[in-house]
Amino acid sequence: MINSDIELKYIAYNDEAELEPEDRALIDDAKKASESSYSPYSNFEVGAALLLETGEVVRGSNQENSSYPCGSCAEQVALFHSGANHKDVVIKKIAVTAKKKGGSAFLPVTPCGSCRQVMLEYQIKQNLPIEILMQVSANKWIKVSSVEVLLPFCFNKNAL
Ligand code: THU
């Protein structure tokens, strides 16, 4: 028997100002994306922004439904839009933000498990890592260099 610990590698920023300009700009895009959130049930407005290798930015926001499971997360809206409209263009990074409806402060948010699985699919497809930027507390931001960091022991096509 072997007892093992998983090492989680990330970069932590204690202020948004510490982030590289490209990352800060992507976070701003994610914040703007949250303005189009349709979230009358949760009142939780999530925004996501993808930076493509072409320099283009794809935004997504959560879109809810009275039949709850029919709704989509912001990250998935952005990723599926990218897949449908920018086929085979490499996704370099994704930023995620969230706030409560009517609130001004952005809140800590990390991608849900389902979004991590969707991100993983695109990362494997493009065979290049996707960086993930997310807010983990009032002023603290984290960047991971690959989806796999957030999804250890992941399910993928090799299992099929
Ligand atoms: N949500 C996202 O858009 N992304 C996530 O990673 C977590 C959750 C949305 C789904 C739902 O509209 C609302 O946040 C509350 O769960």
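# Reading a ligand shell and its surroundings

Modeller: By class, seven nonpolar, three polar and two charged residues make up the shell around the ligand. Keep in mind that this is a predicted model.

Biologist: Which residues are around the ligand?

Modeller: Start with the list, then look for polar partners. Around the ligand are Ser42, Phe44, Val46, Asn62, Glu64, Cys73, Ala74, Glu75, Thr110, Pro111, Cys112 and Cys115.

Biologist: Which atom of glutamate 64 lies 2.5 Å from an oxygen atom of the ligand?

Modeller: A polar side-chain atom. Asparagine 62 also places a polar side-chain atom by a ligand oxygen, at 2.9 Å. Alanine 74 uses its backbone instead: an N or O atom there lies 2.8 Å from an oxygen atom of the ligand.

Biologist: How much of the ligand does the protein bury?

Modeller: Compare the ligand alone with the ligand in place. Alone it exposes 370 Å², and the protein buries 76% of that.

Biologist: Which elements give two or more residues to the shell?

Modeller: Two elements do: β2 (44-52) and α2 (74-85).

Biologist: Next, the interior. Which residues have the most contacts inside the largest nonpolar core?

Modeller: Look for the hubs. The core has 26 residues, and those with the most contacts inside it are Leu50, Leu79, Ile91, Ile94, Met119 and Ile132. At least two core residues come from each of β2, α2, β4 (91-100), α3 (113-126), β5 (131-135), β6 (141-144) and α4 (147-150).

Biologist: Which element gives the most to this core?

Modeller: Helix α3, with five residues. Now take one hub and trace its partners. Beyond its neighbours within four places in sequence, isoleucine 91 is in contact with Leu50, Leu51, Leu52, Leu79, Ser82, Tyr122, Gln126, Pro129 and Ile130. There is also another core, apart from the largest one. This other core has ten residues, among them Tyr13, Leu19, Ala30 and Leu51.

Biologist: Let me try a strand residue. Is serine 61 buried or exposed?

Modeller: Read the relative accessibility, then check the cut-off. Serine 61 is at 3% relative accessibility, so it counts as buried; the limit is under 20%. Its place is in strand β3 (residues 57-61).

Biologist: Which side chains does serine 61 join through polar contacts?

Modeller: Serine 36 is one partner, at 2.8 Å. Glutamine 63 is another, at 2.9 Å. Leaving aside neighbours within four places in sequence, serine 61 is in contact with Ala33, Ser36, Ser37, Val46, Cys73, Ala74 and Val77. Val46, Cys73 and Ala74 are also among the residues around the ligand.

Biologist: And pairs distant in sequence? How many residues apart are tyrosine 10 and valine 144?

Modeller: Set sequence separation against spatial separation. The two are 134 residues apart in sequence, and their C-alpha atoms are 4.7 Å apart in space. Tyrosine 10 sits in the segment before β1 (11-13). Valine 144 lies in strand β6.

Biologist: Why does valine 144 count as buried?

Modeller: Valine 144 is buried because its relative accessible area is 2%. Tyrosine 10 has 42%, so it is partly exposed.

Biologist: What does valine 144 touch, not counting residues up to four places away in sequence?

Modeller: Lys9, Tyr10, Glu131, Ile132, Met134, Val149 and Leu150. The C-alpha atom of valine 144 is also 6.8 Å from that of leucine 133, eleven residues apart along the chain. From the other end, tyrosine 10 is in contact with Ile142, Lys143 and Val144, leaving aside its neighbours within four places in sequence.

Biologist: Now backbone angles. What is the phi of asparagine 43?

Modeller: Scan for positive values at residues that are not glycine. Asparagine 43 has a positive phi of about 55°. It is in the loop between α1 (21-33) and β2. Asparagine 127 also has a positive phi of about 55° and is not a glycine. That residue lies in the loop between α3 and β5.

Biologist: Is asparagine 127 buried or exposed?

Modeller: Exposed, with a relative accessible area of 66%. Asparagine 43 is partly exposed, at 34%.

Biologist: Last one, another loop. Where is histidine 86?

Modeller: In the loop between α2 and β4. A loop position does not settle burial, so check the value: at 17% relative accessibility, histidine 86 counts as buried. Beyond its neighbours within four places in sequence, histidine 86 is in contact with Leu52, Glu56, Val58 and His81.

Methods
Residues are numbered from 1 along each chain as its sequence is written. This is a predicted model: local features need pLDDT of at least 70, side-chain atom pairs count only at pLDDT 80 or more; totals for chains, interfaces and linings use all residues. Side-chain values use heavy atoms; hydrogens and water are left out. A residue is near a molecule or strand if one of its heavy atoms lies within 4 Å of it. A polar contact is a pair of N or O atoms within 3.5 Å; within protein, one must be able to donate a hydrogen and the other to accept it, and residues adjacent in sequence count only if both atoms are side-chain atoms. Accessible areas come from the Shrake-Rupley method with a 1.4 Å probe; for residues, only the protein chains shown count as cover. Helices (H or I, at least four residues) and strands (E, at least two) are DSSP runs, numbered from the N terminus. Ala, Val, Leu, Ile, Met, Phe, Trp, Tyr, Cys and Pro count as nonpolar, Asp, Glu, Lys and Arg as charged, and the others, Gly among them, as polar. A nonpolar core is a set of buried Ala, Val, Leu, Ile, Met, Phe, Trp, Tyr and Cys residues joined through side-chain atoms within 4.5 Å. Buried means under 20% relative accessible area, exposed over 50%, partly exposed in between (1.4 Å probe, protein chains only). Contact means heavy atoms within 4.5 Å.
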